[in-house]
Amino acid sequence: NKIIFVAPSLWMRDLAKSSAVLRCADIRVIPNGVNTELFAPIDKAFARKALQLPTEKKYLLLAANNIIGDLNKGYERFKTIISLLRKNTSCYEMEIILVGKLDGNIDLDLPVHCFGYQSALENMPMLYSAADVVCVPSTQESFGLVALEAMSCGTPVVAFRTSGLMDIVIDGETGFLAEPYSEEDFARCLFAILGDANLHKEMSEAARNRAVKTFDQEIVANQYLAVYKEL
């Protein structure tokens with residue numbers, strides 16, 4: 001009776017509540033936090049030059065510990081999404097940034113820049129900032145740290161409307177939540193952001209503001225302290 005459980009997302013809390021063990025438990029939702037001073041926007045042109053990327057292109061970023069081998073991360077769906085993008089005549093200017101282990105062959109129908117697994121967090125803000133949109137086509141996420149880190153760097157996110165991602169991305173404000181698991185809707189969301197410079201700017205600013213005001217690690221730490229004091 002004196003135990004308080006903490007879940008990182010509403011989805012995880014509801015899953016716990018649906019179990020026989022925790023259905024009557026006191027379960028609070030406290031999100032994972034992000035260091036918003038480290039994960040901060042970097043000038044896009046500067047970031048691309050530092051990464052030796054052509055500055056005039058539009059970039060979609062996909063990041064995971066194991067991009068291909070972890071089926072949950074949605075690489076196969078991402079392939080279909082890219083194929084749908086290829087059907088649009090404006091996609092010639094789009095390229096892809098991959099961050100993570102590549103356990104297999106890359107067969108995407110757009111130019112790809114592979115940066116491998118990044119063990120140093122300090123490298124990620126430059127990569128997130130270089131991208132126009134971060135794609136999270138995962139089947140489910142207990143939270144969705146990649147989405148949060150990207151938003152903290154001022155980069156809009158497109159993900160499926162599922163699991164912990166619904167707690168992070170505000171649909172139409174900090175990015176888009178596509179219908180699960182529609183590759184067509186995901187591609188539509190990408191076009192909406194990439195094709196509207198004003199919308200992209202608004203989403204970038206809103207993404208950064210949400211990360212700072214809701215998910216900054218100090219804010220999250222204080223939420224845990226409040227639970228400890230209550231106990």
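# A guided tour of a predicted chain

The chain exposes about 11300 Å², and carbon and sulfur atoms supply 51% of that area (accessible areas come from the Shrake-Rupley method with a 1.4 Å probe, and for residues only the protein chains shown count as cover). This is a predicted model, in which local features need pLDDT of at least 70 and side-chain atom pairs count only at pLDDT 80 or more, while totals for chains, interfaces and linings use all residues. Residues are numbered from 1 along each chain as its sequence is written, and side-chain values use heavy atoms, with hydrogens and water left out.

**The whole chain**

Begin with the whole chain in a cartoon view, where there are nine helices and eight strands (helices, H or I of at least four residues, and strands, E of at least two, are DSSP runs numbered from the N terminus). The radius of gyration of the chain is 18 Å, close to the 17 Å that the globule rule gives for 231 residues, so the chain is as compact as a globular protein of that length (the radius is taken over C-alpha atoms, and the rule is 2.2 Å times the number of residues to the power 0.38). Along the principal axes, the C-alpha atoms fill a box of roughly 60 × 35 × 35 Å.

Of the 231 residues, 47% count as buried (buried means under 20% relative accessible area, exposed over 50%, and partly exposed in between, with a 1.4 Å probe and protein chains only). Among the contacts in the chain with a separation of 6 or more, 63% are accounted for by residues 24 or more positions apart (contact means heavy atoms within 4.5 Å).

**Helix 5 and what covers it**

Next, select residues 145-152, which form helix 5; six of its eight residues are buried, so this helix is largely enclosed by the rest of the structure. The buried residues are Ala147, Leu148, Glu149, Ala150, Met151 and Ser152. To see what covers them, show the surrounding elements, which include helix 4 (124-130), strand 6 (133-136), strand 7, helix 6 and helix 8. Just after helix 5, stop at Gly154, which takes a positive phi of about 80°.

**Ser204 and Val212 in helix 8**

From Gly154, move across to Ser204, whose place is in helix 8 (residues 197-214). The side chain of Ser204 reaches the backbone oxygen of Gly154 at 3.1 Å (a polar contact is a pair of N or O atoms within 3.5 Å; within protein, one must be able to donate a hydrogen and the other to accept it, and residues adjacent in sequence count only if both atoms are side-chain atoms). Not counting residues up to four places away in sequence, Ser204 touches Gly154 and Pro156, and with a relative accessible area of 14% Ser204 is buried.

Staying in helix 8, select Val212, which is partly exposed, with a relative accessible area of 34%. Leaving aside neighbours within four places in sequence, Val212 is in contact with Thr36 and Ile219.

**Gly33 and its loop**

Now go to Gly33, in the loop between strand 2 (26-29) and helix 2 (44-50). Gly33 is partly exposed, with a relative accessible area of 30%. Beyond the neighbours within four places in sequence, Gly33 is in contact with Leu145, Leu148, Phe215, Gln217 and Val220; one of these, Leu148, is among the buried residues of helix 5.

**Two positive phi angles**

Two further loop residues are worth selecting in turn. Gln52 lies in the loop between helix 2 and strand 3 (58-66) and has a positive phi of about 60° although it is not a glycine; Gln52 is exposed, with a relative accessible area of 72%. Ser163 lies in the loop between strand 7 (157-160) and helix 6 (165-168), and its phi is near 50°, a positive value in a residue other than glycine; at 2% relative accessibility, Ser163 counts as buried.

**From the cis peptide bond to helix 7**

Finish by selecting Pro180 and Tyr181, which are joined by a cis peptide bond with omega of about -15°. Tyr181 is found in the loop between strand 8 (175-178) and helix 7 (183-194). Glu183 has its place in helix 7 and is buried, with a relative accessible area of 17%.

Which residues is Glu183 in contact with, leaving aside its neighbours within four places in sequence? They are Arg77, Thr80, Ile81 and Leu84. A distance drawn between the C-alpha atoms of Glu183 and Leu84, which are 99 residues apart along the chain, comes to 8.0 Å.
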